[in-house]
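Here are a few exercises to work through with the structure on your screen. Try each task yourself before you read its solution.

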Amino acid sequence: MDNKTLGPLIKNGYTKIALFPACLGAPIVCFLAIVGRKEWAVGLAFGLFLGFLDNLIMLMGVKKAMPYADDPKKGFKIQRRYRYYRIASAGTLIILLSRQGYDVCSAFIGLVLTHIFLIINFTIIAYRLKNKGT
């Protein structure tokens with residue numbers, strides 16, 4: 001593999017890639033708890049956890065599909081299976097949150113926030129890989 005790809009990073013430490021976006025949201029949760037919006041802070045914390053779990057499942061699927069680069073149909077099949085795992089885990093946690101009486105809207109905001117931070121993280125990684133190779 002070329003050193004300008006994300007492949008070696010995912011093979012070696014995809015948990016760091018998934019954990020970083022969730023850690024970026026932690027100060028927001030702390031701020032909301034200090035301000036007095038505890039229901040939003042709890043919902044956002046659950047959303048950040050859900051986003052971390054979603055990112056982890058997605059990156060595990062990418063890691064499992066990487067050996068099949070020569071056979072893309074098999075890799076897509078693996079990714080499709082992991083997509084169903086992501087939907088099932090997110091759906092289960094959202095139903096549990098609503099049954100417990102927590103704010104589901106803030107959980108969705110936490111989920112979206114985690115994915116936005118993941119995109120920012122990938123942008124930073126791509127910038128570093130681009131500058132490392134030149």
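**Exercise 1.** Find out whether R86 is buried, partly exposed or exposed, then do likewise for its salt-bridge partner.

*Solution.* Step one: look at the accessibility of R86. At 24% relative accessibility, R86 counts as partly exposed, because buried means under 20% relative accessible area, exposed means over 50%, and partly exposed is in between (1.4 Å probe, protein chains only). A word on the ground rules: this is a predicted model, where local features need pLDDT of at least 70 and side-chain atom pairs count only at pLDDT 80 or more, while totals for chains, interfaces and linings use all residues. Residues are numbered from 1 along each chain as its sequence is written, and side-chain values use heavy atoms, with hydrogens and water left out.

Step two: find the partner. The side chain of R86 meets that of D54 in a salt bridge, at 2.7 Å from N to O. The term stands for a side-chain nitrogen of Lys or Arg within 4 Å of a carboxyl oxygen of Asp or Glu. This pair links distant parts of the chain: R86 sits in helix α3 (residues 72-100) and D54 in helix α2 (residues 38-65), 32 residues apart. Helices here are DSSP runs (H or I, at least four residues), numbered from the N terminus.

Step three: check D54. With 8% relative accessibility, D54 is buried.

**Exercise 2.** Count the salt bridges in the whole structure, and describe the one that E39 forms.

*Solution.* Start with the count: the search turns up two salt bridges. Next, go to E39, which pairs up with R37; their closest N and O atoms are 4.0 Å apart. Finally, look at how open the two residues are. E39 is partly exposed at 43% relative accessibility, and R37 is partly exposed too, at 47%.

**Exercise 3.** Work out which aromatic rings pair up, and how each pair is arranged.

*Solution.* First, get the rule straight. Rings of Phe, Tyr and Trp (its six-membered ring) pair if their centres lie within 6.5 Å; planes under 30 degrees apart count as stacked, over 60 as edge-to-face and the rest as tilted. That gives two aromatic pairs.

Second, take F46 and Y102: their centres are 5.2 Å apart with 55° between the planes, a tilted pair. F46 lies in helix α2 and Y102 in the loop between α3 and α4, so this pair ties together parts that are 56 residues apart in sequence. F46 is partly exposed at 34% relative accessibility, and Y102 is partly exposed at 36%.

Third, turn to Y82 and Y85. Their ring centres are 5.2 Å apart and their planes are at 75°, so you'd call this pair edge-to-face. Y82 and Y85 are separated by about one helical turn, because they're three residues apart in helix α3. Y82 is buried at 9% relative accessibility, whereas Y85 is partly exposed at 42%.

**Exercise 4.** Describe the surroundings of T114, starting with the helix it belongs to.

*Solution.* Begin with the place: T114 is in helix α4 (residues 104-133). Then check burial: its relative accessibility is 0%, so T114 counts as buried.

Now follow the side chain of T114, which reaches the backbone oxygen of G110 at 2.8 Å. G110 is found in helix α4 as well, and it is buried, with a relative accessible area of 0%.

Last, list the contacts (heavy atoms within 4.5 Å). Leaving aside neighbours within four places in sequence, T114 touches P21, A22, G47, L48, G51, F52 and N55. With that same filter, G110 is in contact with L44, G47 and L48. The C-alpha atoms of G110 and L50 are separated by 8.0 Å, though these residues are 60 apart along the chain.

**Exercise 5.** Say where N121 lies and what it contacts.

*Solution.* N121 is found in helix α4. Its relative accessible area is 8%, so N121 is buried. Beyond its neighbours within four places in sequence, N121 is in contact with I17, F20 and P21.

**Exercise 6.** How many disulfides does a search of the whole structure find?

*Solution.* Zero. The cut-off is a pair of cysteine sulfur atoms within 2.5 Å. As for the cysteines C30 and C105, C30 is partly exposed at 46% relative accessibility, and C105 is partly exposed at 44%.

Key. Helix = DSSP H or I, 4+ residues; strand = E, 2+ residues; numbered from the N terminus. Polar contact = N/O pair within 3.5 Å; in protein donor to acceptor, adjacent residues only side chain to side chain.
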